[in-house]
Structure formats: structure tokens, C-alpha cells
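Student: Hi! I have a chain open here and would like to walk through it with you. Can we take it piece by piece?
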Amino acid sequence: METDAGLISRRKNHPFYRGIRCRSGKWVSEIREPKKTTRVWLGTYSTPEMAAAAYDVAALALKGGEAVLNFPESIGSYPLPVSSSAAHIRTAAAKAAATVGAAAAAAVNAAMKGGEKKEEKVCDGAGSSAVEFVDEEELLNMPGLLEDMAKGMMVAPPWMGCPPSDYSPENFDGESLWSY
């Protein structure tokens with residue numbers, strides 16, 4: 001049974017995923033080992049779903065069938081850690097998160113092929129995620145970017161030598177910088 005304090009704490013971290021929180025614009029995941037005061041750090045991820053999947057793998061490894069999962073329907077697709085050591089749990093959690101991330105990237109690519117704009121979930125200060133649309137081609141001026149880079153390669157480098165020995169203000173035809 002979860003206490004009111006635990007429920008409030010979990011809501012502060014994320015509205016509905018367990019074991020994750022927002023830190024510096026990224027989503028981090030960790031889990032407390034049963035009957036111990038230590039925690040297992042599971043990693044930092046770009047989306048809350050990836051961090052939640054990492055938590056699920058760790059919860060299954062540490063708590064077994066009693067674990068309350070974020071994605072109970074995905075239990076069969078999660079990789080199992082080799083042992084209950086923190087390093088093995090972390091490795092399996094990273095694999096599960098990468099699988100979730102790859103599936104999300106494939107969905108975004110399919111949507112972009114259909115003419116839709118890219119959608120990114122960003123983390124705000126309150127720990128919830130907001131959806132932000134990003135048109136990367138417009139943002140980076142992709143067609144012009146490569147052309148501008150090629151033009152930059154054709155520019156002569158700046159002259160790095162000493163001024164010629166006959167340089168003096170009397171021999172110089174142009175205006176001096178200090179004449180203004």
C-alpha cells in the first residue's frame with residue numbers, strides 16, 4: 001500500500017510514470033533496492049517513456065511478480081538481466097529504453113514521411129512533459145546550410161604575416177583606421 005506522502009512525491013516527479021523524474025531537461029530513472037537503503041541508478045534518457053521502461057526492467061528484476069509497472073503490457077518484450085547485480089540491471093534497463101526510443105523514432109520518421117512535423121517531448125521545471133513541434137529543416141535552413149558551408153571553404157584565409165617593410169602611413173593609399 002502506498003502512503004499519501006509517497007503518492008505526492010511520485011506526482012511531483014512525473015504525473016503517471018513511476019521511478020522517474022526530470023532533471024536538467026532530461027529524464028532520469030532510479031529504483032530503491034527492496035529492504036535496503038541503497039538505490040540503483042538506471043540512467044538518463046531523452047523521453048519519459050524510455051526512463052519508465054528502464055524502471056520497469058529494474059522493478060521486475062528486483063521485485064519479481066509483485067512489481068508495479070509503468071507498461072505492464074510490455075512485460076514479455078523486456079530484456080532480462082543476467083543477475084540481480086546493479087551493473088546487469090543497468091545494462092538490461094538501457095536495452096529496454098533503447099528499444100522504446102527506437103520505436104518512438106520509427107513512429108516519428110513515419111509521421112514525417114507523411115508530411116507531418118516532428119514532435120518532441122520536452123521536460124518543464126514541474127516534471128511534466130509538454131509537446132513541442134520542431135521543424136528541423138526550417139530551423140537549420142538545411143538547403144542553404146550545406147551551400148553556405150561550401151562557400152566558406154572557398155574564402156581565402158586571413159593573412160597572418162608581418163606587415164611589409166615599406167608599410168607606413170605615408171605609403172598607404174587607403175584611409176587609415178584612425179582617421180575617423
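Student: Let's start with a detail: in the hairpin of β2 and β3, which residue takes a positive phi?
Tutor: That is K35, with a phi near 60°. The hairpin has six residues between its strands. Keep in mind that this is a predicted model.

Student: Good to know. How do β2 and β3 pair, parallel or antiparallel?
Tutor: Antiparallel, over six bridges, with β2 covering residues 26–32 and β3 covering residues 39–45.

Student: Which residue in β3 is the bridge partner of S29?
Tutor: G43 is the partner of S29. In addition, V28 stands opposite T44 in β3.

Student: What sheet do these strands belong to?
Tutor: An open sheet of three strands, in the order β1-β2-β3, with antiparallel pairing. β1 (20–23) and β3 are the edge strands; each has a single partner, so one side of each has no neighbour in the sheet. On average, neighbouring strands of this sheet are turned by 25° against each other, ignoring direction.

Student: And which helix lies across those strands?
Tutor: Helix α2 lies across β1, β2 and β3, and runs at about 10° to β2.

Student: Let me zoom out. How many helices and strands are in the chain?
Tutor: Five helices and five strands. Along the sequence they follow the pattern α-β-β-β-α-α-β-β-α-α.

Student: What about burial and surface for the chain?
Tutor: The chain has 180 residues, and 25% of them count as buried. Its accessible surface comes to about 12,800 Å², with 59% belonging to carbon and sulfur atoms. As for contacts with a separation of 6 or more, 38% are between residues 24 or more positions apart.

Student: Now the inside. Which residues touch the most other members of the largest nonpolar core?
Tutor: I31, L42, Y45, A54, A59, Y78 and I89, out of 27 residues in that core. β2, β3, α2 and α3 each supply at least two residues, and α2 gives the most, with 11. As background, nonpolar side chains tend to be buried together in soluble globular proteins.

Student: Pick A54 from that list. What is A54 in contact with, leaving aside neighbours within four places in sequence?
Tutor: A54 is in contact with S29, L42, Y45, A93 and A97. S29 is the residue we met above as the bridge partner of G43.

Student: Switching to N70: is it buried or exposed?
Tutor: N70 counts as buried because its relative accessibility is 13%, and the cut-off for buried is under 20%. N70 lies in the loop between α2 (48–63) and α3.

Student: What does the side chain of N70 have for polar company?
Tutor: A polar atom of that side chain lies 3.2 Å from the backbone oxygen of A52. Setting aside neighbours within four places in sequence, N70 is in contact with F16, Y17, R18, A52, Y55 and D56.

Student: Last topic, A86 and A102. Where are they?
Tutor: A86 is in helix α3 (residues 86–113), and A102 lies in α3 too.

Student: Why does each count as partly exposed?
Tutor: A86 has 31% relative accessibility and A102 has 47%. Partly exposed lies between the 20% and 50% cut-offs, so both values fit that class.

Student: How far is A86 from L42, and A102 from M50?
Tutor: The C-alpha atoms of A86 and L42 are 8.7 Å apart, with their positions 44 residues apart along the chain. For A102 and M50, the C-alpha separation is 9.6 Å, at 52 residues apart in sequence.

Methods:
Residues are numbered from 1 along each chain as its sequence is written. This is a predicted model: local features need pLDDT of at least 70, side-chain atom pairs count only at pLDDT 80 or more; totals for chains, interfaces and linings use all residues. Side-chain values use heavy atoms; hydrogens and water are left out. Helices (H or I, at least four residues) and strands (E, at least two) are DSSP runs, numbered from the N terminus. Buried means under 20% relative accessible area, exposed over 50%, partly exposed in between (1.4 Å probe, protein chains only). Contact means heavy atoms within 4.5 Å. Accessible areas come from the Shrake-Rupley method with a 1.4 Å probe; for residues, only the protein chains shown count as cover. Two strands pair if DSSP finds at least two bridges between them. A polar contact is a pair of N or O atoms within 3.5 Å; within protein, one must be able to donate a hydrogen and the other to accept it, and residues adjacent in sequence count only if both atoms are side-chain atoms. A nonpolar core is a set of buried Ala, Val, Leu, Ile, Met, Phe, Trp, Tyr and Cys residues joined through side-chain atoms within 4.5 Å. Axes are lines fitted to C-alpha atoms, for helices over the stretch in contact, and angles run from 0 to 180 degrees between N-to-C directions.
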